[in-house]
Amino acid sequence: MISKIVGQLKSLDYDSDFFISEPYLIPYFNDKKLKIGFVDAMHEPYLTEADKVLENFLKLNNEGRIKDSQLVFNYYKETLHLGYTKSLDIEVTEQVWDFVHPSEIIIDWDENGDFYLCISCECEWEDEHGLYLVFKDGLKLTRANGHDGGFTD
């Protein structure tokens, strides 16, 4: 299976529909290399649309990430308010990214055919649920929350 964006994909032994790329430079995270997962790569039109979503996302850069700081900071503040974490002494909203560690990207779709690029992250304020970033069509961060599998709030 080949993605027009990231090239050759490898299937996972335990899920024949799920394919993963080699680590790929992600401009949104200062060119950090992350693997990209494709959940239904064997099925058209999934792969074609997933490549479009990934192409959209790869146009976002560090400047875009800084603009997205408020959504991530809101999740941090929510967990702080609920008593799930101790204060990290963040002085400006953008500093929240200093405590976020992305691990993988997955391109998924829902029952309506809407596509979402999802990024799993560890974050220093929520060990159990981490941070789940969702980009509708790969264009814009629309959700920053714990890992619950949801695409929307």
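In which sense do E6 and strand E7 (residues 100-109) pair, parallel or antiparallel, and over how many bridges? Select both strands: E6 and E7 pair in the parallel sense over four bridges, where two strands count as paired if DSSP finds at least two bridges between them, and where strands (E, at least two residues) and helices (H or I, at least four residues) are DSSP runs numbered from the N terminus. Within this pair, Gly 37 stands opposite Ile 106 in E7.

Before going on, note that this is a predicted model, in which local features need pLDDT of at least 70 and side-chain atom pairs count only at pLDDT 80 or more, while totals for chains, interfaces and linings use all residues. Residues are numbered from 1 along each chain as its sequence is written, and side-chain values use heavy atoms, with hydrogens and water left out.

Keep E6 (residues 32-38) selected and add strand E4 (residues 15-20), which runs antiparallel to E6 and is joined to it by two bridges; here Phe 19 stands opposite Phe 38. Next add strand E5 (residues 24-26), which pairs with E6 in the antiparallel sense over three bridges, with Lys 32 in E6 as the bridge partner of Ile 26. The hairpin of E5 and E6 has five residues between the strands, and in it Asn 30 takes a positive phi near 55°.

Now turn to the largest nonpolar core, which has 45 residues, Phe 38, Phe 57 and Trp 125 being among those with the most contacts inside it. Such a core is a set of buried Ala, Val, Leu, Ile, Met, Phe, Trp, Tyr and Cys residues joined through side-chain atoms within 4.5 Å, and buried means under 20% relative accessible area, with a 1.4 Å probe and protein chains only, as against over 50% for exposed and in between for partly exposed. The elements that give two or more residues to this core include E4, E6, E7 and helix H1 (46-57), and H1 gives the most, with six residues.

Select Trp 125 and show its surroundings: leaving aside neighbours within four places in sequence, Trp 125 is in contact (heavy atoms within 4.5 Å) with residues including Val 72, Tyr 84, Phe 99 and Leu 131.

Finish at the cysteines, where the structure holds zero disulfides, a disulfide being a pair of cysteine sulfur atoms within 2.5 Å. Why is Cys 121 without a bond to Cys 123? The sulfur of Cys 123 is the closest cysteine sulfur to that of Cys 121, but at 7.9 Å it is too far for a bond. Cys 121 is buried, at 3% relative accessibility, and Cys 123 is also buried, at 4%.
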